[in-house]
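Work through these exercises with the model open beside you. Try each task before you read its solution.

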Amino acid sequence: MGAKFEGAQEELRGMSHNPIRPWRSIERRKSRRIMVGNVPVGGDAPISVQTMTNTATTDVRATVEQVQRAAEAGADIVRVSVPDEASSKALKEIVRESPVPIVADIHFHYKRGIESAEAGAACLRINPGNIGSPERVREVIAAARDHGCSMRIGVNGGSLEKHLLEKYGEPCPEAMVESALDHIRILEDNDFHEFKISVKASDVFLSAAAYQGLAEVTDKPIHLGITEAGGLTSGTIKSAIGLGNLLWMGIGDTLRVSLSADPVEEIKVGYEILKSLGLRHRGVNIISCPSCARQGFDVIKTVEALEERLEHIKTPMSLSIIGCVVNGPGEALMTDVGFTGGGAGSGMVYLAGKASHKMSNAQMIDHIVEEVEKKAAEIEAEASSAQAAE
């Protein structure tokens, strides 16, 4: 049982390449690797998770606080809008205080791109075609090159070039891919190659088809997103469908879930999408039942409490919370810690897939938190020992 359990745990932590169960394998598209600050994007680097601040960039305190909260939630990269000169001046302090690389979001005015590169932005989100003459594009590229700044070409279905709309009649995958290739050509003609690219739309079908088309014609790293996806619930569902299918196909090197919600929620959803596919692992993956009349305790309230109490755990691990013995023991077999409802006001605690001891429902939340913290410490200690031995 022990070897079987350990094998199951390794499988859960690395499902993207699974020789035992090939139906869980994901073959990632081969892409060129670039750096966004100290975060690698593309190649065999982990798929990074991004968000964007929604504070006024000129309000440095509020923006830095939001960046720090996003980083604490797991953000690898944070984007900040730079619409005017005052914002590019504020960006310098934001970059200095940020614990993660900052992407400057630039539209139309080439000087904002130059100023952002000079302010220390790790990356410029820009469309070369909408910032003016070829000379102005060259100036932005020169600033990016001089300051070690990468770029993201951001094609959006809602702002395609007029000539492409006239050619295709409407935003469509072919038009978005052609726009992307036009922008790629501008950068490559200026011998600049440190960039990634996105082809976002608010329509799931359009986004998915455009990304598939793009993945076939370039090896540049791809930034995934369903733009303007909506509120927390609807946007999460649209993003999970659109991004999940692309990731399952091996497409995508970094992603942002665009929600009309707190940026921290974008990070949470992004990680949950990656965790569900075995592509990234951070924190506790809670497996829980929807509950029914058989439940031996209030599953919904218990899971809500545990999600909040376990937010501080960054170690990848699994926890099953099942209301009764129909599926509880089987789910616990595959998790680090488990709890299955029983009768007479108590349930069974499982550790490393084995039934360990009973615990009263009244004390189970505190007890599970303790067991998870203990297991997380064990996993971290084992990882440190293994790293020291290498």
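**Exercise 1. Is Cys292 buried, partly exposed or exposed, and where does Cys289 stand on the same scale?**

Solution.
- Step 1. Fix the scale: buried means under 20% relative accessible area, exposed over 50%, and partly exposed in between, with a 1.4 Å probe and protein chains only.
- Step 2. Cys292 has 37% relative accessibility, so Cys292 counts as partly exposed.
- Step 3. Cys289 has a relative accessible area of 21%, so Cys289 is partly exposed.
- Step 4. Locate them. Cys292 lies in the loop between E11 and H11. Cys289 has its place in the loop between E11 and H11. Helices (H or I, at least four residues) and strands (E, at least two) are DSSP runs, numbered from the N terminus.
- Step 5. List the contacts of Cys289, taking contact as heavy atoms within 4.5 Å. Leaving out residues up to four places away in sequence, Cys289 touches Val299, Ile321, Ile322 and Gly323.
- Step 6. Check the record. An unreviewed UniProt entry places the feature "binding site" at Cys289, Cys292, Cys324 and Glu331. UniProt positions are given in the numbering used here, feature names are shortened, and annotations may be inferred rather than shown by experiment.

The model is predicted: local features need pLDDT of at least 70, side-chain atom pairs count only at pLDDT 80 or more, and totals for chains, interfaces and linings use all residues. Residues are numbered from 1 along each chain as its sequence is written, and side-chain values use heavy atoms, with hydrogens and water left out.

**Exercise 2. Which residues of helix H11 are buried, and how are they arranged around its axis?**

Solution.
- Step 1. H11 spans residues 299–309, and its buried residues are Val299, Thr302, Val303 and Leu306.
- Step 2. Look down the axis of H11. The buried residues fall within an arc of 95 degrees, so they line one face of the helix. The arc is that of the directions from the helix axis to the C-beta atoms.
- Step 3. Recall the geometry. An α-helix has 3.6 residues a turn, so residues three or four places apart point the same way.
- Step 4. Turn to the face away from the buried side: Lys301 and Glu308 are exposed there.
- Step 5. Find the packing partners. The buried residues of H11 pack against strand E11 (284–288), strand E12 (317–322) and helix H13 (364–389).
- Step 6. Inspect the start of H11. A side-chain oxygen of Asp298 comes to within 3.4 Å of the backbone nitrogen of Ile300.

**Exercise 3. In what order do the strands of the eight-stranded open sheet run, and which stand at the edges?**

Solution.
- Step 1. The order is E8-E7-E6-E5-E4-E3-E10-E9, with parallel pairing.
- Step 2. The edges are strand E8 (195–200) and strand E9 (223–224). Each has a single partner strand, so one side of each is left without a neighbour in the sheet. Two strands pair if DSSP finds at least two bridges between them.
- Step 3. Follow strand E7 (residues 150–156). Six bridges join E7 to E8, and four join strand E6 (residues 123–126) to E7.
- Step 4. Match the residues. Ile153 has Ile197 in E8 as its bridge partner. Arg152 has Lys196 in E8, and Arg125 stands opposite Arg152.
- Step 5. Sort the side chains of E7. Ser150, Arg152, Gly154 and Asn156 point one way, Met151, Ile153 and Val155 the other way, and all are buried.
- Step 6. Draw the conclusion. Seven of the seven residues of E7 are buried, so E7 is largely enclosed by the rest of the structure.

**Exercise 4. Which side chain makes a polar contact with that of Thr51?**

Solution.
- Step 1. Thr51 sits in strand E3 (residues 48–52).
- Step 2. Thr51 counts as buried, because its relative accessibility is 1%.
- Step 3. The partner is the side chain of Glu266, at 2.6 Å. A polar contact is a pair of N or O atoms within 3.5 Å; within protein, one must be able to donate a hydrogen and the other to accept it, and residues adjacent in sequence count only if both atoms are side-chain atoms.
- Step 4. Beyond four places in sequence, Thr51 touches residues including Ala70, Ile77, Arg256 and Pro263.

Notes:
Contact means heavy atoms within 4.5 Å.
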